[in-house]
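Trainee: Could you take me through the packing of the aromatic and nonpolar side chains here? Please take a close look and keep the steps short.

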Amino acid sequence: MSLPILLITPPFTQLNTPYPATAYLKGFLQSRGIAAAQADLGLEVLLQLFSETGLEQAFQQAAAYPEPSPNALRMLALKGHYLRTIEPVVRFLQGKDPTLSRNILTRRFLPEGSRFDTLPDLEAAFGDMGIADAAKYLATLYLEDLSDLITETVDPQFGFSRYAERLSRTAPTYDPLYEALAQPPSFIDLLTIQQLGNLIEQHQPCLVALSVPFPGNLFSALRCGQWLRKQYPQIKTVMGGGYPNTELRSLKDPRIFEVLDFICLDDGEAPLEALYAYVSGTNPDAGSLKRTYTLREGEVQFIDSNACSDYAMATTGTPDYTGLPLDQYISVIEVTNPMHSLWSDGRWNKLTMAHGCYWGKCTFCDTTLPYISDYEPLTAGLLADRMETIIAQTGNTGFHFVDEAAPPALMRNLALEIIRRGLVVSWWANIRFEKSFTPDLCLLLREAGCIAVSGGLEVASDRLLKLIDKGVTVAQVARVNKAFTDAGILVHAYLMYGFPTQTAVETVDSMEMVRQLFAAGVLKSAFWHRFALTAHSPVGKNPDAYGVRMMQAEGTFANNDIAYEEAVDTDHDAFGYGLKKSLFNYMHGIGLQDPLHKWFDHKVPRTTVKPDWIYGALEEAALSLPKETSRVVWLGGPVAVQTVSKSKKGATWEEAQLTVYARSQTLHLRLDAAKGLWLSDLLPQLTPGTATLLTRAEVRSRYEAAGWDDFELFWDDKPLAPLRKVGLLQV
Ligand code: SF4
């Protein structure tokens, strides 16, 4: 039997759930008959570090640090408490020992360092009964204290979800990484190498594929390659993932091949299959490699054979999580905000509904790269099949759809498919806040298990949204956010400041819009990003159109983030702290009525936005009726009907009395007998099942065929209003 490929996510990405690339590739390779194993080296290193033995070693090193801060001194003195509590805390955060929460909440169990200095009001944040989450929050602070101690005294490159990120960010030359690799391994490097050695012994691979989605796990990948080259020169190494895909598209420096053999770009399936054939000797022709850099005669060569083509998303197989220690991931709560905590709390299966972005126009985005430009959606049926397979594999019913922007029509179809199959799932997704997310669609998504969405509001200014070509307006985003919120779905917005030509007043106005969205309760969480000019975005391709001058020649290593200067002289960075501080408070419901200048330590212009602007936008009625092609769906529950005779002032007539058993209420409706019977006959046919759902036009023609000509008056008006609230939807 041929030796397998070992797929590795090097330290560090995230603690609570595996980064999905290795699972995607493993599923694909196995569907092609290629043996593959996978490991989350980041998790393994952290578990080793946060064990009694690992921490003992870290404390020993920390004790030798020459000038510890008062906080580090205090923690060193409390070493015994840390060693005694570390393993119980990790077990608790893995969800294995929930009763420890009561002990943690006494505040007499965990040693406390400086992270506990500004503790929020736990009762206000979690309520009296939010015991598990409050304890998780305290346990997270405890781990963050330990992380601070390690960064200060043992290894300055350490971070929970990143390692040596500073070296890899915007690295036009390879020099800093090269020099760092020439240094002796750090404490974390040694743990990494030790765990890697175990994996090599266990799996005996012929090829190690290192997945590098972020700058924060590049250095560890290179360390792994360096060690493998020395200890196991017969094992070949390849790096792929988001970092090379965006940063290394014009790689020229040959020195990276002193520690790696190959680097692949873009979707990994076809390149990895071709590389495996080459490495295993099935196809010894190096010219058959696909989108792969390697070193030939001392020069970096990019080989991209046409002999094999990429695989359609529908044929890449279901992600396969087997081999990952799913019960050992650590859920943490870093911010006491229910939406924000989704990123770090809970083990979410990651999936995508589509490859690329269906919109693909935003001018700050990498729209010229295949991961955005090559749009290819899956079908709802295939997605639901994959969800069922992954649930059976992992035992987890939570999904995070990590699309660049999930397409609304596919979300609708997936929701109908989930309901039709009776799947019990919870899921959240990245979206674009576009107007097709009507209140009815949001209710359908909620019924199918959608709990949260995140999307880009970017700069909350209509002028800049137009320049960004986002295809939305602030008012529209507000209304869409309200539709989600009313349906019980949490909303997170990605915000941006410092877009070229943005003025100081526009930044303050954007901040005011955000304040009003929080005050109106339609936004639960958000994050401000500083605009970055990337080589592969429309702004990077055409800087003149945005009043920008690039100041950097192409480097020999990473090329993505580019230094630039603007024609408009605004000090965008001066706003960063105040924007982030105000937002952090807004997410906790604090300071929503305070004047904006309060958040800054320098003068800022007054906002020009009226204080009730968002309320006004929310009150503007949605004027348009659903399209005639909308599917009509009934999710309201069983309906009983009886006809009764009524008489008044000598007149007698028949009336239909409908009783609807909705999930949390029972509704009683009185209708004209014929229309009531017609409706009670129709509603069960509108439940997602095997038959195709009727469109609004088909419902209308049935109504008219029954002899009535007042469809809108009956269907869209008062008589059926109560049914729409409990699940008569048009989507
Ligand atoms: S920013 Fe988002 S919506 Fe815009 S093109 Fe990029 S991925 Fe698509």
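Mentor: Start with a cut-off. A residue is called buried when its relative accessible area is under 20%. Keep in mind that this is a predicted model.

Now apply the cut-off. Y703 has a relative accessibility of 0%, so Y703 counts as buried. F711 is at 1%, so F711 is buried too. These two rings form an aromatic pair. Their centres are 5.6 Å apart, and their planes meet at 70 degrees. That makes the pair edge-to-face. Y703 and F711 also belong to one aromatic cluster, together with W678, W708, F714 and W715.

Next, the nonpolar cores. In soluble globular proteins, nonpolar side chains tend to be buried together. Here the largest nonpolar core has 176 residues. Within it, W427 and F557 touch the most other members. Helix 8, residues 131–153, gives the most to this core: eleven residues. Apart from it lies another core, of 25 residues. F711 and W715 are among its members, and so are L669 and L683.

Look at F557 in the largest core. Set aside its neighbours within four places in sequence. F557 is then in contact with residues including A171, P172, Y174 and L177. Its contacts also include L218, Y243, L248, L251 and I256. Not every partner is nonpolar by name: T173, E247 and S250 are on the list as well.

Now W427. The structure holds 34 aromatic pairs. One of them joins F401 and W427, with ring centres 5.7 Å apart. The planes stand at 85 degrees, so this pair is edge-to-face. F401 lies in strand 13, residues 398–401. W427 lies in strand 14, residues 426–431. The pair therefore ties together parts that are 26 residues apart in sequence. Both F401 and W427 are buried.

Rings can also meet charges. The charged end of R432 sits over the ring of W359, 3.7 Å from the ring centre. K598 does likewise with W599: its charged end sits over that ring, 4.5 Å from the centre.

Finish with a polar residue. N481 is in helix 20, residues 474–486. Its relative accessible area is 0%, so N481 is buried. What does N481 touch, not counting residues up to four places away in sequence? It touches F433, V491, V522 and L523.

Notes
Residues numbered from 1 in each chain as written. Predicted model: local features only at pLDDT ≥ 70, side-chain atom pairs only at ≥ 80, totals over all residues. Heavy atoms only, no water. Core = buried A, V, L, I, M, F, W, Y, C linked by side-chain atoms within 4.5 Å. Buried < 20%, exposed > 50% of the residue type's maximum accessible area, 1.4 Å probe, protein only. Helix = DSSP H or I, 4+ residues; strand = E, 2+ residues; numbered from the N terminus. Contact = heavy atoms within 4.5 Å. Phe/Tyr/Trp six-rings, centres within 6.5 Å; stacked < 30°, edge-to-face > 60°. Lys NZ or Arg CZ within 6 Å of the ring centre and 35° of its normal.
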